[in-house]
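Subject: Structure for you to look at

Dear colleague,

I am handing over the structure we spoke about, and below it you will find my notes on what turned up in it. Please read them with the model open beside you.

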Amino acid sequence: MISRYSGLLAVLGSVVLTAMSLPAAAADPVPTDHLLPGDVYGYFTIPSIPEFRKQWEDSLYGELTRDPQLEGFRQELQGQIKEISEKLEKETSVDLDSLLKLPSGDLSAAFIRLPPDRETGKRDFAGLLVADFGDNEDTVDTLLGRAMAALEKNGAVRTTREVDDTRIVIYTRPEKEEGADDEDADAEEDPFQQFAWFVRGSRFVLSSNPAALEAVLARWDGEHDSTFSGDRVYSYIMERCRNGEAGGKSVAEWYANPFGLLQAGLQAGGEQAQQFALVGNFLPVLGVTKMRAIGGTVLLGGEEQVASSRTLIYVDKPVTGLLNVFHWPAVEMAPPKWIPADVSAFSAINWDFAAAYRAISSLVNSFYGEGFVEQQLDNLANDPNGAGIHLKKDFLDNLTGRIHYFTLPPPEDSPEQMPVVAGLVTADEKKMKSVVKTVTSSPGAKVETREFRGHTIYETDGFTPGAPSKMGVTVARGHLLFATDVKQLERVLLADTDTAGLIETPMYRQLAERFPAKTSALSFQYQDAQIRTLYNMLRDGKLDEEMESGIDFQKLPPFEAMKKYLPATASYVIPDEHGVLMISFSSKVKED
């Protein structure tokens, strides 16, 4: 099916690319979020392609693309790009370089639900694309002419309608005749059954539904009283996420309302409406309908920042149902001194396990009767063939909610094995040791024990059969510790807290300066440690069969030449008045 319409898609894609590459008009147009109706379930925008390009050029990503050591690989890519450009020029008479040569204005895409139809009351869904092409309407007209020719060649029927002095062009492909012989067995599922667009001012607007274009035209002056920009949830998310800490402008913004879309889909009816009715009724019980939306922004450049992003999950209060499982109060957090300096990644979370237990038990009890969960836990604790502990009283109640987690670079002889160590902070270490001893001594437990530096280590086979190392568990340093490689537990037990760990490294300290005093979660990672193995496998040709790209990755430079473009990154999570705010960032390495 794709091959049948490759010419059409290439031409329409050219229109979009042209809008990305032509100079913007002198007067700032109405922002796209002011042109959309209120019910938007997905939205992505690059507010300014010139700003995007500027930040890219000033960032480490821009420096990377200009690095002389990449010249050989650049030439390899240029060969691939030339083929794409020649194919595009054959389809559209416009080469790729001319489309991407100049800066442009904004580019936005959205998935919306239309206002009720005046006659039927039905509310359809539609996709929308809005692109600013500046003062080069002649170029766009040329490309649209080719698009129309391609559509008509494929049997599409052209109609037009005038709305607010603007011509909407509509192309509808005829339905496939029943029993017709077609080499494309999926033709009836073709998502491109209809195209509609208009050009007004410096903007090209494309949609799968002409009614969506009418909705946009009704809001063209930006003064309509029902627009996406006026949605309180979207407005709040953007207010909290726009313009990062470094003071730069966001180069990309996004928004999604997955549960709203699910509910809208259920309400829309259809053949399967009854089957899904129960799902719609069950969602409020779970409390997930309180999660209204998620959205955020991306910043590519700032004073010392390479990149940053801000994401907000908007939740209506009071939180109910399963959402109470994820209650992460903000507290003072930092890596314990025994976390080694050579980690590839570290994370810390403060999780209210008591609230999580109450949320789960309350939901289960609502189905099976008051006290059901408590009775089941008592029965398990008293089972002579069980683990011999009370899951809540002996285990959960002995956890503070603090979790520390880190990974280490994989050994050179086993690049796929990345050691992981996780620790749950205990309120009473002695009691937790007793709990672990009881569980590992229960019938059927395939665990070996040994003593190491005054601590008992419990070993068992790893998740992967035949793995060279065993997993381990111990209780030490105020934590219940788990490791995918028991040798890492030994390392933790041997760690000298007087020796500089992660918390004392210059890179961590530099990034930690951006952490607020209290956080719900925080993380830190070295990108080079995460990517090195994959990069080397790619460069050595070990992924050629999986990639099937036709690109010779052996022309990439040694990884050490790339390392400087992969700085450490960090992130943190803090509570927000209307949900949770997550901020991620990376910094250029400071010279000593």
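I begin with a residue of one strand pairing, where Thr45 stands opposite Glu253 in β8. Please keep in mind throughout that this is a predicted model, and that what follows describes that model alone.

The pairing to which this residue belongs joins β1 (residues 40-46) to strand β8, which covers residues 252-256, and the two run antiparallel with four bridges between them. From β8 the pairing continues to strand β9 (residues 291-299), again in the antiparallel sense and over five bridges, and within it Trp254 stands opposite Gly296 in β9.

Thr45 also has a bridge partner in β2, namely Ser108, as part of an antiparallel pairing in which β1 and β2 are held by six bridges. Beyond this, β2 is joined by seven bridges to strand β3 (residues 125-132), with the two strands running antiparallel, and here Phe111 stands opposite Gly127 in β3. Strand β2 itself spans residues 107-113, and because five of its seven residues are buried, it is largely enclosed by the rest of the structure.

Turning to the helices, α11 (residues 353-368) and α12 (residues 372-382) pack with their axes 7 Å apart and at an angle of about 105°. Since angles of 65 to 115 degrees count as roughly perpendicular, α11 and α12 are therefore roughly perpendicular to each other. On the α11 side the residues that meet the other helix are Tyr357, Ser361, Val364, Asn365 and Tyr368, while α12 contributes Phe372, Val373, Glu374 and Leu377. By character, the residues of this contact between α11 and α12 divide into six nonpolar, two polar and one charged.

Another helix, α17 (residues 527-539), holds Asp528. Is this residue, Asp528, buried or exposed? Its relative accessible area is 10%, and because buried means under 20%, Asp528 is counted as buried. Leaving aside residues up to four places away in sequence, Asp528 touches Phe559, Lys563 and Leu566.

A few points of backbone geometry may also deserve your attention when you go through the loops. Lys317 and Pro318 are joined by a cis peptide bond, with omega at about -5°, and Pro318 is found in the loop between β10 (305-315) and β11 (345-350). Asp164, which lies in the loop between β4 (157-163) and β5 (166-172), has a phi near 55°, a positive value in a residue other than glycine, and at 44% relative accessibility Asp164 counts as partly exposed. Arg453, in the loop between β14 (448-452) and β15 (455-460), likewise is not a glycine and has a positive phi of about 55°, but with a relative accessibility of 63% Arg453 counts as exposed.

For the protein as a whole, the secondary structure comes to 19 helices and 20 strands, and buried residues make up 42% of its 592 residues. The accessible surface comes to about 31100 Å², with 53% of that belonging to carbon and sulfur atoms. Among contacts in the protein with a separation of 6 or more, 68% are between residues 24 or more positions apart.

With best regards

How values were computed
Residues are numbered from 1 along each chain as its sequence is written. This is a predicted model: local features need pLDDT of at least 70, side-chain atom pairs count only at pLDDT 80 or more; totals for chains, interfaces and linings use all residues. Side-chain values use heavy atoms; hydrogens and water are left out. Axes are lines fitted to C-alpha atoms, for helices over the stretch in contact, and angles run from 0 to 180 degrees between N-to-C directions. Angles under 35 degrees count as roughly parallel, over 145 as roughly antiparallel, 65 to 115 as roughly perpendicular and the rest as oblique. Contact means heavy atoms within 4.5 Å. Ala, Val, Leu, Ile, Met, Phe, Trp, Tyr, Cys and Pro count as nonpolar, Asp, Glu, Lys and Arg as charged, and the others, Gly among them, as polar. Buried means under 20% relative accessible area, exposed over 50%, partly exposed in between (1.4 Å probe, protein chains only). Two strands pair if DSSP finds at least two bridges between them. Accessible areas come from the Shrake-Rupley method with a 1.4 Å probe; for residues, only the protein chains shown count as cover.
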